[in-house]
Amino acid sequence: MQDVNQISDAIASNLFRVRQSIADAARACTRSSDAIRLIAVSKGHPKEAIAAAMAAGQKDFGESTTQDALPKISQLANPSIDWHFIGHLQTNKARFIPGNFSWLHSLDSLELARKLSRRAAEQSATINILIEVNVSRDPKKHGLTPEALPDFIEKYLKENFPALPLRGLMTIGPHAAPEKEIRACFAGLRRLRDDYQRRFGLKNFTELSMGMSGDYIEAIQEGATMVRVGTAIFGERDYSK
Ligand SMILES: *Cc1c(COP(=O)(O)O)cnc(C)c1O
């Protein structure tokens, strides 16, 4: 059993290393590292681990279930933190998002948008929305197919959800695939964003949430504006999600 200080030191130095490699990757493709937001995925880790990352200057955190996240969010009670919901969200959990999370990376149905919109309006909250796209067509993954996306965006805009600004797209790269396949997935998401930003004239539809511990360098090279990194910062989780 490591003590709390050792764990805090490890998290701070992991964060430093990840930030450094983000900066290196950005520089290598002449992007500014300011254009890449690091989301520290703290699912499966205790609030002490999150506090250690906060002390090391981290402001964006990702969680993928409401039951794991909500106690930590309320116990840490830090208004300068942006919480990102990155997991699949069931519609009956929509009520937990406004007021707790400022970003949702995993929108995949209009029914969920309607529920979120109603709950957000009740609380005068805004939730920045990313649509999850299953670019790699993995039957085990959530998200819309690339083909379903234009129709979905059209309907989303038509229904008009003022509390849910549409900010971009999210994908999960293919697991343990050759680098070429991983890059093709990320490049595909980028093309979808570029196409629909233009087609629908969406000025703020700019975000690309892609890249995790194993592939965030490739994601940055393919244009990621948000990378979701858990294990490389916090170490192994004590359960798998
Ligand atoms: C868990 C998770 C991550 C982080 O994965 P690591 O491999 O631990 O970096 C990123 N995105 C999503 C959607 C996740 O569920």
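Me: What makes serine 213 a polar contact of the ligand?

Reply: Happy to take that one. A polar contact is a pair of N or O atoms within 3.5 Å, and a polar side-chain atom of serine 213 lies 2.5 Å from an oxygen atom of the ligand, so the pair meets the cut-off. Bear in mind that this is a predicted model, where local features need pLDDT of at least 70, side-chain atom pairs count only at pLDDT 80 or more, and totals for chains, interfaces and linings use all residues. Residues are numbered from 1 along each chain as its sequence is written, and side-chain values use heavy atoms, with hydrogens and water left out.

Me: Which side-chain distances put lysine 43 and threonine 231 in contact with the ligand?

Reply: For lysine 43, an N or O atom of the side chain is 2.7 Å from a ligand oxygen. For threonine 231, a polar side-chain atom is 2.5 Å from an oxygen of the ligand. The protein covers 89% of the 390 Å² of accessible area that the ligand has on its own (Shrake-Rupley method, 1.4 Å probe).

Me: Why are residues such as Val41 and Arg237 counted as surrounding the ligand?

Reply: A residue is near a molecule if one of its heavy atoms lies within 4 Å of it. The residues around the ligand include Val41, Ile86, Met212, Arg228 and Arg237. The shell divides into 5 nonpolar, 3 polar and 3 charged residues; Gly counts as polar in this scheme.

Me: Why is phenylalanine 85 called buried?

Reply: Buried means under 20% relative accessible area, exposed over 50%, and partly exposed in between (1.4 Å probe, protein chains only). Phenylalanine 85 has 1%, so the label buried applies. Its place is in strand β3, residues 82-85, a strand being a DSSP run of E with at least two residues.

Me: And what makes glutamine 58 buried?

Reply: Its relative accessible area is 6%, so glutamine 58 is buried too. Glutamine 58 is found in the loop between α2 (47-55) and β2 (60-63).

Me: How do you know that the buried residues of α4 line one face?

Reply: Leu110, Leu112, Ala113, Leu116, Ser117 and Ala120 are buried in α4. Seen down the helix axis, the buried residues fall within an arc of 145°, so they line one face; the arc is that of the directions from the axis to the C-beta atoms. On the other side, Arg118 and Glu122 are exposed.

Notes
A polar contact is a pair of N or O atoms within 3.5 Å; within protein, one must be able to donate a hydrogen and the other to accept it, and residues adjacent in sequence count only if both atoms are side-chain atoms. Helices (H or I, at least four residues) and strands (E, at least two) are DSSP runs, numbered from the N terminus.
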